[in-house]
Amino acid sequence: MRILWARSALLDLIALRAYIAQYHPQAAARIASEIVATAELLALNPALGTALPKPGYRRLVIGGTVYILIYRSRGEDLEILEVFDARRRRPRTRI
């Protein structure tokens with residue numbers, strides 16, 4: 001299975017890293033790497049996250065963090081749609 005990142009999800013990741021880097025640059029790099037590594041795990045086990053009401057959509061909490069991935073399966077591809085901080089806002093993805 002191939003992992004694809006929606007442009008909006010990439011922008012989320014970039015913004016999240018930039019925000020954390022203002023206060024702790026090392027943590028920003030570590031958390032961003034952790035998010036990407038977790039997304040790559042989904043290629044091996046796409047059902048790892050919790051199913052959402054909208055068919056094919058799932059949510060995965062990044063272990064040890066407050067960050068959540070919203071993703072969906074599309075044939076042989078898995079698309080990361082959103083990365084968000086659960087403390088700060090709700091997902092923008094309509095599910």
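Tutor: Let us begin with one term: contact means heavy atoms within 4.5 Å. The structure above is a predicted model, and with that cut-off in mind we can ask what leucine 69 touches.

Student: Which residues does leucine 69 touch, if residues up to four places away in sequence are not counted?

Tutor: Leucine 69 touches Ile35, Ala39, Leu42, Arg58, Arg59, Leu60, Ile62, Ile80, Glu82 and Val83. Each of these counts as a contact because it has heavy atoms within 4.5 Å of those of leucine 69.

Student: What makes a group of residues a nonpolar core, and which residues have the most contacts inside the largest one?

Tutor: The residues must be buried, must come from a set of nonpolar kinds that includes Ala, Leu, Ile and Tyr, and must be joined through side-chain atoms within 4.5 Å. The largest such core here has 26 residues, and those with the most contacts inside it are Leu16, Ile20, Ile35, Leu42, Tyr67, Leu69 and Ile80. Two or more residues each are given to this core by α1 (7-21), α2, β3 (57-61), β4 (67-74) and β5, with α2 giving the most, 6 residues. In soluble globular proteins, nonpolar side chains tend to be buried together.

Student: How are the elements of the protein ordered from the N terminus on?

Tutor: The order is β-α-α-β-β-β-β, which amounts to 2 helices and 5 strands.

Student: Why is aspartate 77 called buried?

Tutor: The relative accessible area of aspartate 77 is 18%, and buried means under 20%, so aspartate 77 falls within that class. Aspartate 77 lies in strand β5 and touches Met1, Arg2, Leu4 and Arg72, leaving aside residues up to four places away in sequence. Its C-alpha atom is separated by 6.9 Å from that of leucine 4, although the two residues are 73 residues apart along the chain.

Student: How do you know that arginine 2 forms a salt bridge with aspartate 77?

Tutor: The closest N and O atoms of the pair are 2.9 Å apart, and the rule asks for a side-chain nitrogen of Lys or Arg within 4 Å of a carboxyl oxygen of Asp or Glu, so the pair qualifies. This pair links distant parts of the chain, since arginine 2 is in strand β1 (residues 2-5) and aspartate 77 in strand β5 (residues 77-85), 75 residues apart.

Student: Is arginine 2 in this pair buried or partly exposed?

Tutor: Arginine 2 has a relative accessible area of 49%, and partly exposed lies between the limits of 20% and 50%, so arginine 2 is partly exposed.

Student: How many salt bridges does a search of the whole structure find?

Tutor: The search finds 5 salt bridges. Among them, arginine 30 and glutamate 34 meet at 3.5 Å, N to O; both lie in helix α2, 4 residues apart, about one turn of the helix. In another, the closest N and O atoms of arginine 74 and glutamate 79 are 3.4 Å apart, and Arg72, Arg74 and Glu79 are linked in a network of salt bridges.

Student: Why does glutamate 79 count as buried, whereas glutamate 34 is called partly exposed?

Tutor: Glutamate 79 has 15% relative accessibility, which is under the 20% limit, so glutamate 79 is buried. Glutamate 34 has a relative accessible area of 26%, which lies between 20% and 50%, so glutamate 34 is partly exposed.

Student: What makes leucine 48 eligible for a surface patch?

Tutor: A patch residue needs over 30% relative accessible area and no salt bridge, and leucine 48, a nonpolar residue, has 42%, so leucine 48 passes the area limit. Leu41, Leu44 and Leu48 form the patch, with about 330 Å² of accessible area together. Leucine 48 itself lies in the loop between α2 (25-41) and β2 (50-51), and alanine 43 also lies in the loop between α2 and β2.

Student: How do you know that the radius of gyration agrees with a compact globule?

Tutor: With 95 residues, a compact globule would have a radius near 12 Å, and the protein has 13 Å, which agrees. Of these 95 residues, 38% count as buried.

How values were computed
Residues numbered from 1 in each chain as written. Predicted model: local features only at pLDDT ≥ 70, side-chain atom pairs only at ≥ 80, totals over all residues. Heavy atoms only, no water. Patch = residues over 30% accessible without salt bridge, like charges linked within 9 Å, V, L, I, M, F, W, Y side chains within 5 Å. Areas by Shrake-Rupley, 256 points an atom, 1.4 Å probe, with all protein chains shown as cover. Buried < 20%, exposed > 50% of the residue type's maximum accessible area, 1.4 Å probe, protein only. Rg over C-alpha atoms; globule rule 2.2 N^0.38 Å.
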